Amino acid sequence: MIAPQPAVDWSDWFAGRVSRMRASEIRELLKLLERPDVVSFAGGIPDPALFPMDAIRAAYAEILADARLGTMSLQYSVTEGYEPLRGWIVDYMARRGVPCELDNVVITSGSQQGLDFAAKLFIHPGDTVLVQEPTYLGALQAFNAYEPRYDLLFRDGGTADAYRTSAAVKDGRVAFAYVVSDFANPSGETLDLAQRRKLLKLAHELDVPVLEDAAYEALRFDGEAVPALAALEIADRGSIEGSRVIYCGTFSKTVCPGLRVGWVCAARDVVAKLVLAKQGGDLHSATLNQMVVHRIASTIFDSHVATLIAPYRRRRDAMLAALAASMPAGTSWSHPEGGMFVWVTLPENIDGAELLERSLLEERIGFVPGGAFSPNGAVRNTIRLNYSLQPENVIAEGVTRLGALVGRFS
């Protein structure tokens, strides 16, 4: 019998980029959902009660019952994605003011994969990525493996020359700008038309791409829709081939996240390289899931999204009302017109991570500390609250208890 040997020390074998990989605080906090005594405002979680379950069941059954489609759905397929679904996306993008063709669309495993592949294509180690403060944690995770630096969009003195000079100090360049333009995760804020035009002007002056994360754009409750960055760019440039915007869409927030179907819409040259990246990554997204999403999208997409708006609006309103009623002086929060999140700024003496520890212990309330969404570890006195999962009465009670805790913490 061989005696047990010491565990292998892998630390010397990992590539240097591995040191930049960090566990997602959001993914870890999803474990809170398994504890029945915790009210979780942590994840960016759609309400599973609102998933179109009957349509999903029917789509799987119909596809698998068809000899030709059933075989096709379980076989290897083209990397670009299921052509009928790509055709539906072409029509959808045209409705968004983004005329394009099949060659401008590639299906991805959620929009998260699109972020990873874009980072792989455009980031050299030491390059600078321009992001909002705060920004989506999943984007930072996708980018970090490619060893970028970060600079903040819309900062004071943020001219093209200033960004270019700051990047050059570290022997790098500005790789691209990344934004969640509608109902941002985590802030809930939406870029207005002036901000969008300012961003596009900056991108042209820097001669860099813009990565537009449109995960939440369909979930508008109030106000007027603002044209997508991709739409504004095409209107100015004449066609998608002259556009520097790379649009990342997803069905995760409108249909369901578990099918893992998203897409990227961009100039042909960009999509061709994304296809090569995807061939090396996973060959293609699950064809059966793409077929199911196509059936749902082509039959009930608009009506289903409409069924999401009313309950999510009520939950947002319940959260804003509870915050107004219970939070102490010195606390402020965003007022999103859609999406899934409210961003709360606490009194300066309160660290969001420390508040979470006490909240779980004393009140059994979960949320995400704001520092997780900063590329530089700033905005510590902030938290992100999700309202899409919990019913209004639970939101009201949970936020009231959280407000009382913030008052005691102060």
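Where in the chain does Tyr136 lie? In this predicted model, Tyr136 sits in the loop that links strand S3 (128-131) to helix H6 (137-144). Although a loop residue, Tyr136 counts as buried because its relative accessibility is 18%, and the cut-off for buried is under 20%. Beyond its neighbours within four places in sequence, Tyr136 is in contact with Gln112, Leu115, Tyr178, Val180, Asn185, Pro186 and Asp213. One of these partners, Asp213, is 77 residues away from Tyr136 in sequence, yet the C-alpha to C-alpha separation is 9.5 Å.

Asp213 leads the reader on to strand S6 (residues 210-213). In a regular strand, side chains alternate between the two faces of the sheet. Accordingly, Val210 and Glu212 point one way from S6, while Leu211 and Asp213 point the other way. These residues are all buried.

S6 can next be followed to its partner strands. With strand S5 (residues 174-180), S6 pairs in the parallel sense over four bridges. Here Asp213 in S6 stands opposite Val180, a residue that is also among the contacts of Tyr136. Between S5 and S6 the chain passes through helix H8 (residues 193-206), and this β-α-β crossover is right-handed.

Strand S7 (residues 245-250) is likewise joined to S6 by four bridges, and the two run parallel. In S7, Cys248 is the bridge partner of Asp213. The chain travels from S6 to S7 by way of helix H9 (residues 229-237), in a β-α-β crossover that is right-handed. Asp213 thus has a bridge partner in S7, stands opposite Val180 and is in contact with Tyr136.

Technical notes. Residues numbered from 1 in each chain as written. Predicted model: local features only at pLDDT ≥ 70, side-chain atom pairs only at ≥ 80, totals over all residues. Heavy atoms only, no water. Buried < 20%, exposed > 50% of the residue type's maximum accessible area, 1.4 Å probe, protein only. Contact = heavy atoms within 4.5 Å. Pairing = 2+ DSSP bridges. Right-handed = clockwise from strand over helix to strand, strands pointing away.
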